[in-house]
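User: Please go through the following model and justify each structural term against its definition.

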Amino acid sequence: MNLIFQYMITNKETEKRAPVPQYPQGTRSELYRVTGDLSAKSFQIYADKIGCKHQYSTKQVFTEGKTGSTVLLYECLRIIYDPLYEQFDKIAFIDTDIICNTEENIFDETGDYEITGVLESEIRTGKDGGYNTWDYSKKTRDALVTKYKRNGIPCVPTEPPYRPSCITTFNTGVMVWTKEARMKAREKFDDWYEYMSDGDKHGDPFWINNDQPWLSGQIMKHGLTWQSIDQKWNDTPTHWPDDRGFDMNFLHYTGGGNKVVMLEDYKKGKFKYLKA
């Protein structure tokens, strides 16, 4: 049996971030919870259609008792380290700012790879460039390289058949893990808390101290087999100047402002399977 796992947890660290200016009627936590519930509803519908289990958690479990600026973002590691999830074959971790807009089965995309997702450098936008800012900004690249070096993580470049990038990085908002991948990760991966605590000690920015660079670096360091699939499985509608984004399978409303857009698009009836 396969599983789709999602979670939305907020705490005082959530409110230490700047308010979302497009959401003056509530706090960042309130916005996250509303959009999280909406995302979970769409993926419950999807799970029923493709015949898998769906779990949406609002309780801190794996990271309980830990403190730090980005602790909650590492709750996704529950599917690796909690024996409860050993009963599942493949597990898709899905962020809760994503709306499912398809009946295609993502588990059919995995082939023989241990990890399946979409690389940051493979995502195109209306301005052509990907999300891989480290390939365009020396300051960003130096920050990520320095962080990796401090934590013993190699900078592995992306090679053909994919677009070149100096550091291979997944957008970890959509990732499918086989059971084999999860068992290897449990055995081999470095300590995530040391990585996060190192970032707090050195004042690393939010984007570099969360789960995405850590997970990507661990996958490369420890040699798990992986593939990047079509960005239709992880695309952001607002990054296109027209409505082509709504033809994608998973609609990823990244960032605080985009979560407000998600609510507006829901009210406008723009989602295929989720109606207001």
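User: Which residues line the largest cavity, and what makes them lining residues?

Analyst: The model is predicted: local features need pLDDT of at least 70, side-chain atom pairs count only at pLDDT 80 or more, and totals for chains, interfaces and linings use all residues. Residues are numbered from 1 along each chain as its sequence is written, and side-chain values use heavy atoms, with hydrogens and water left out. The lining of the largest cavity consists of Cys 76, Leu 77, Ile 79, Ile 80, Phe 93, Thr 172, Met 175, Trp 177 and Leu 215. They are lining residues because each has an atom within 4 Å of a cavity point, that is, a point on a 1 Å grid over the protein atoms alone where a 1.4 Å probe fits but cannot get out. The space amounts to about 50 Å³, a volume being that filled by probe spheres set on the points, which are joined across faces, edges and corners. Strand β6 gives the most to this lining, with three residues.

User: What is the volume of the largest pocket, and what makes it a pocket rather than a cavity?

Analyst: Its volume is about 1200 Å³. A pocket is an open set of points with protein on both sides within 12 Å along at least five of seven lines, whereas a cavity is closed to the probe. Of the 47 residues that line this pocket, Arg 17, Leu 73, Asp 95, Phe 206 and Asn 210 lie nearest its centre.

User: Why is α7 described as largely enclosed?

Analyst: Ten of the eleven residues of α7 are buried (under 20% relative accessible area with a 1.4 Å probe, protein chains only; exposed is over 50% and partly exposed lies in between), so the rest of the structure largely encloses this helix. Helix α7 spans residues 211–221; helices are DSSP runs of H or I with at least four residues, and strands are E runs of at least two. Among its buried residues are Trp 214, Leu 215 and Ile 219. The buried residues of α7 pack against α3, β5, α4, β6, α6 and β7.

User: How do you know that β6 is paired with β5, and in which sense?

Analyst: Two strands pair if DSSP finds at least two bridges between them. Strands β5 and β6 have five bridges, in the antiparallel sense; in one of them Ile 115 is partnered by Trp 177. Strand β3 also pairs with β6 in the antiparallel sense, over four bridges. All eight residues of β6 are buried.

User: Which residues touch the most other members of the largest nonpolar core, and what makes a set of residues such a core?

Analyst: Trp 177 and Ile 219 do, in a core of 38 residues. A core is a set of buried Ala, Val, Leu, Ile, Met, Phe, Trp, Tyr and Cys residues joined through side-chain atoms within 4.5 Å. Helix α7 gives the most to this core, with four residues. Beyond four places in sequence, the contacts of Ile 219 (heavy atoms within 4.5 Å) include Ile 115, Trp 177 and Trp 226.

User: Why is Cys 100 not counted in a disulfide?

Analyst: The closest cysteine sulfur to that of Cys 100 belongs to Cys 52 and is 9.8 Å away, too far for a bond, since a disulfide needs sulfur atoms within 2.5 Å. Cys 166 is in no disulfide either, with the sulfur of Cys 155 at 7.4 Å. The structure therefore holds zero disulfides under this definition. Cys 100 counts as buried at 3% relative accessibility, whereas Cys 166 counts as partly exposed at 27%.
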